[in-house]
Amino acid sequence: MKTQMRFQKYICLAMIIVGALALVYAFCYATGGLAELGQMLKSDKTSFFKAAEGKYDATLFLDIQGFNDTLMYCGIVMILLAVCLYITSCHKRRNYYVTNYVATGVCAGGNIIISVILMAMNGVWMGRFNNIDFEAWAKYNERMIQFAEEGEDISEYTHYSESTTWFTIGFVVYVLVIVASVLLILNLVWKIMLMQGEKKLLNGTKTVEGGAV
């Protein structure tokens, strides 16, 4: 039981950590390649480079902001779900009660569902980013570099990146959330087995004592 109680302490802490990690990821989402793409927006929110038909331009940066907000809200929800584990003392109780079962189920189930949905949506947005007209963007960037070589200060217009690193990191983050959630469920199963074992042991002891009397 002592080993299991140490584990439940660590897994509850892990749920807080992965929730915080998901929130931090949301704040970092629109960086890297997306940040470079955002620099290609004019003051009127149109793109400096014109994309070919069927391709995306810099306005994708504006379109993705709604999903970025969703990532942030979901990160907050994950943290709150983890806090529920502490409110119901899932991290330190020797015996679990109904509130502990509910808190564990809601936290683990909620995190898994949210993570799967966010990974699917992240994959969609990654596909759209990969469909940026990088050729048109690169040509525009080359023209700006030529102007710079002629002595003009156009550094604010020379941005280019095909990096999808932050999209990929998202899959890693949410897989970690899912793994932690599965471990939380396994911790509950372990706890139930130990509780049942203790109950049988206690009932057996009482039976022996009663027979002796």
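The following paragraphs go through one helix, the nonpolar core and the enclosed space of this structure, which is a predicted model.

Helix α4 covers residues 65–87. Its 23 residues, at 1.5 Å a residue, should span 33 Å, and the C-alpha atoms at its two ends are 33 Å apart, so the expected span and the model agree. Part of this helix is hidden from the surroundings: F67, N68, L71, C74, G75, M78, L81, A82 and L85 are buried. Just after α4 comes S89, with a positive phi of about 60°.

The largest nonpolar core has 51 residues, and within it Y29, L37, F49 and Y174 touch the most other members. Helix α4 is among the elements that give two or more residues to this core; the others are α1 (2–28), α2, α3 (60–63), α5 (98–130), α6 (134–149) and α7. L37 can be followed further. Leaving aside residues up to four places away in sequence, L37 touches F49, D57, A58, L60, F61, F129, I132 and W137.

The structure also holds one cavity of 30 Å³ or more. The volume of the largest cavity is about 50 Å³. Its lining consists of Y29, T31, G33, L34, S163, T164, T165, W166 and F167. Two elements, α2 (33–38) and α7 (165–212), give two or more residues to that lining. The largest share, three residues, comes from α7. Sorted by class, the lining has four nonpolar and five polar residues, with no charged ones. Y29 appears in both parts of this account: Y29 lines the largest cavity, and Y29 is one of the core residues that touch the most other members.

Technical notes: Residues are numbered from 1 along each chain as its sequence is written. This is a predicted model: local features need pLDDT of at least 70, side-chain atom pairs count only at pLDDT 80 or more; totals for chains, interfaces and linings use all residues. Side-chain values use heavy atoms; hydrogens and water are left out. Helices (H or I, at least four residues) and strands (E, at least two) are DSSP runs, numbered from the N terminus. The expected span of a helix is 1.5 Å times one less than its number of residues. Buried means under 20% relative accessible area, exposed over 50%, partly exposed in between (1.4 Å probe, protein chains only). On a 1 Å grid over the protein atoms alone, a cavity is a set of points where a 1.4 Å probe fits but cannot get out, and a pocket is an open set with protein on both sides within 12 Å along at least five of seven lines; lining residues have an atom within 4 Å of a point. Grid points are joined across faces, edges and corners, and a volume is the space filled by probe spheres set on the points. Ala, Val, Leu, Ile, Met, Phe, Trp, Tyr, Cys and Pro count as nonpolar, Asp, Glu, Lys and Arg as charged, and the others, Gly among them, as polar. A nonpolar core is a set of buried Ala, Val, Leu, Ile, Met, Phe, Trp, Tyr and Cys residues joined through side-chain atoms within 4.5 Å. Contact means heavy atoms within 4.5 Å.
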